[in-house]
Amino acid sequence: MSHFTIPRGGLFGAAALLAVAAGGVGFTISEWRGGSPDATAAKPPARKILYWYDPMIPAEHHDGPGLSSMGMQTIPRYADEVGASAAQPGISIDPSASQALGMRTVAVRRGELASSLTATGTIDFNQRDVAIVQARAGGFVSRVYGRAPGDVIGAGAPLADVLVPEWGGAQTEFLAVRRTGNAALIQAARQRLMLLGMPSGTIASVEQTGRPHNVITISTPTGGVIKTLNVRGGMTLMAGQTLAEVNGLGTVWLNAAVPEAVAGPLKPGQAVRAALAAFPGETISGRVSAILPETQADSRTLTVRIELPNRGGRLRPGMFATVSFGGSAQPALLVPSEALIRTGKRTLVMLALDKGRYRPAEVQTGREAGDDTEILAGLSEGEKIVALVEFLIDSEASLSGVEARPIGADMPKSPAKPMPTGAVYETVGTIEKITAQSVTLSHQAVPAIGWPAMTMTFQLTDPKVARGLKTGDRVRFGFDQPPSGPTVRRMAKVMGQ
C-alpha cells in the first residue's frame with residue numbers, strides 16, 4: 001500500500017486550506033438554500049485606529065495600547081477624526097482624554113479692567129528745593145561752625161563768620177551821617193549799605209548800637225542736607241563765591257522706570273501709591289510730577305518722576321520703592337491671562353468648538369490687571385476658550401498642521417447692545433487728519449461695540465484733547481457715542497512708535 005508523508009510545516013498550510021474550503025462550501029450551500037449574507041444581523045463597522053498616542057506627547061506614536069515614554073496611558077487616534085479635521089478646521093480631542101487632563105473652558109466675557117501698573121524706582125533729592133549760599137562781599141573767614149557735607153541742618157543754621165573790611169568803613173560813614181539828623185542823607189547812606197550786600201538785620205543792629213559791625217555770620221536760608229560745603233577757617237572770600245549748597249528734605253522725588261510699551265496712559269498729576277522696602281506694610285501716596293522726555297536706550301524704559309511728602313525726613317535718597325499707578329476702571333473684553341499662548345511673534349488662544357473640536361485663534365491683547373487680560377481684537381463676547389492645558393492642544397494643532405484663525409476672520413458677531421450712558425471705549429489708531437473740531441483716525445477693531453478696523457472721523461470735545469499731536473502720530477484714544485456722533489474724550493500718543 002502506497003503512502004505519503006506531509007511535512008510538519010505543511011500541516012498548518014493544509015489546515016488553512018481546509019478552513020478556506022469549508023468556508024466556501026458553507027457559502028455555496030447557503031446560497032443554494034436561498035440564504036443571503038445580508039440576511040445576517042448587521043453590525044456597526046468598527047472605527048479604524050491609525051495609531052495610539054499620549055496627548056502630552058502627540059508626536060510619539062504607538063502600534064497598540066500601553067504606556068508612553070512618560071508613563072501615561074495612550075489613547076487611540078481614529079481615521080474618522082483625521083477625515084473630520086480635513087473637512088472642518090481644528091483638531092478633535094477624545095472626551096475621556098479631556099477629562100483626564102483636567103481641561104477647563106471659559107467664556108470670553110465683558111467686564112471692567114482697572115488701570116493698574118506696577119514699577120520700581122529709587123528715592124532722589126527734590127532738585128527744585130535747592131538753596132545756594134554765597135558770599136555777598138569779599139572778606140576773610142574768621143570762624144567756622146563745624147559743618148560737613150551730609151549734615152542735616154535746620155533753617156538759619158550758621159555756617160561761618162566772615163570779616164568784611166569794606167563794610168566797616170561804610171558803616172562808620174552811615175553813623176556819621178546819622179548824627180547830622182538830615183533825613184535825606186541818612187536814607188541815602190542806608191541805601192548804600194544795602195547796595196553793598198549788607199543784610200537788613202545788620203543795618204538795624206548798627207543803628208541800635210551805634211557801632212560798626214563788619215563781621216557777619218553767614219547762615220542757611222532753608223533747612224535740609226548740606227550737599228556741598230566750600231568754606232574753611234582763614235580762607236579769603238570773593239563776592240559771589242559759593243560757600244554751600246543745601247537741599248531741602250520736605251519733599252523727595254521717586255524716579256520710577258516704566259517700560260515704554262505700557263507708559264502711554266500715564267500722565268502728570270496721576271495719583272500713585274509707593275511701598276518702600278524700608279517700611280514694610282506701609283504705603284505713601286503721591287502724584288506724578290513729570291514724565292521725562294528721554295527713553296533709556298538700554299532698558300527701553302521711561303523715567304516717571306513722582307513727588308512724595310517726607311514727613312520727619314524718613315525718606316532718604318537711594319531707598320528702593322515699588323510704585324502702583326492707579327486709575328479708574330474701564331470696560332473691556334476679558335479673558336484669563338493663563339489662557340494666552342505667547343509665541344514671541346504673536347499671541348494665541350485655543351477656541352473650544354462644537355463636538356470636542358479645538359482651534360487656535362490669533363488675538364491682540366491690551367492691558368493686564370490681576371488675573372485678566374484685555375482683548376482688543378480676535379475674539380467676540382461669549383466664545384469659549386481653553387483656560388487649562390491649552391499648550392498641549394496647541395502642540396497637537398501645530399503637529400497636525402491646523403492654521404490659527406486670523407484676527408477678524410470667521411468671528412461670530414456679538415449681539416448689539418445699547419451703549420450705557422457715559423461709557424467710554426478705548427482703542428489704538430493713527431491720526432490721518434486733525435482740526436480744531438475733529439480728528440480722522442485709522443483705528444483698530446473695537447470688539448466692545450462690534451466695530452471692525454476702519455478709518456473714520458470723530459468729533460473733539462475740546463481742542464486741548466489733541467494738543468501736541470499731529471498727523472501720523474499713533475495714539476491710544478477713548479471715545480463715546482452721544483447723539484451728536486462718536487466723540488473723542490481723551491487721546492495720548494503711544495510712546496516708542
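**Strand pairing, cavities and confidence in the predicted model**

Among contacts between residues at least 6 apart in sequence, 67% join residues at least 24 apart. The model in view is a predicted one, and its secondary structure comes to seven helices and 31 strands. Of the 497 residues of the protein, 37% count as buried.

Confidence is a helpful place to start. The mean pLDDT of the protein is 78, with 77% of the residues reaching 70 or more. Among the elements, strand β15 (residues 242–247) has the highest mean pLDDT, at 93, while helix α1 (residues 8–32) has the lowest, at 33. The pLDDT is below 50 over residues 1–41, a stretch that has four contacts in the model beyond near neighbours in sequence. Residues 416–421 also have pLDDT below 50, and here five contacts are found beyond near neighbours in sequence. Where pLDDT is low, the predicted coordinates should not be read in detail.

Strand β19 (residues 301–309) offers a good view of the pairing. Seven of its nine residues are buried, so the strand is largely enclosed by the rest of the structure. Strand β16 (residues 251–259) pairs with β19 in the antiparallel sense, over nine bridges; within this pairing, I306 of β19 is the bridge partner of L254. Strand β18 (residues 283–296) also pairs with β19 in the antiparallel sense, here over six bridges, and R287 stands opposite E307 of β19. For readers following the side chains along these elements, it is worth recalling that in a regular strand the side chains alternate between the two faces of the sheet.

The connection between β18 and β19 deserves a brief stop. The two strands form a hairpin with four residues between them, and R300 is found in this loop. The phi of R300 is near 55°, a positive value in a residue other than glycine. With a relative accessibility of 41%, R300 counts as partly exposed, whereas seven of the nine residues of β19 are buried.

Elsewhere, four strands make up an open sheet in the order β8-β15-β13-β10, with antiparallel pairing. Strands β8 (130–134) and β10 (152–153) stand at its edges with a single partner strand each, so one side of each is left without a neighbour in the sheet. Strand β10 is joined to β13 (residues 224–229) by two bridges, and the two strands run antiparallel. In this pairing, I153 stands opposite G224 of β13. Strand β15, the element with the highest mean pLDDT, lies between β8 and β13 in the order of the sheet.

Finally, the interior can be considered. The structure holds two cavities of 30 Å³ or more, and the largest has a volume of about 110 Å³. The lining of this largest cavity consists of 14 residues, of which E374, I375, E426, P447 and A448 lie nearest its centre. The elements that give two or more residues to this lining are β21 (329–336), β25 (372–377) and β27 (425–434). By residue class, the lining of the largest cavity divides into ten nonpolar, one polar and three charged residues.

Definitions and conventions
Residues numbered from 1 in each chain as written. Predicted model: local features only at pLDDT ≥ 70, side-chain atom pairs only at ≥ 80, totals over all residues. Heavy atoms only, no water. 1 Å grid on protein atoms, 1.4 Å probe; cavity = no way out; pocket = protein on both sides within 12 Å on 5 of 7 lines; lining within 4 Å. Points joined across faces, edges and corners; volume = space filled by probe spheres on them. Nonpolar A, V, L, I, M, F, W, Y, C, P; charged D, E, K, R; others polar. Buried < 20%, exposed > 50% of the residue type's maximum accessible area, 1.4 Å probe, protein only. Pairing = 2+ DSSP bridges. pLDDT = per-residue confidence, 0-100. Contact = heavy atoms within 4.5 Å.
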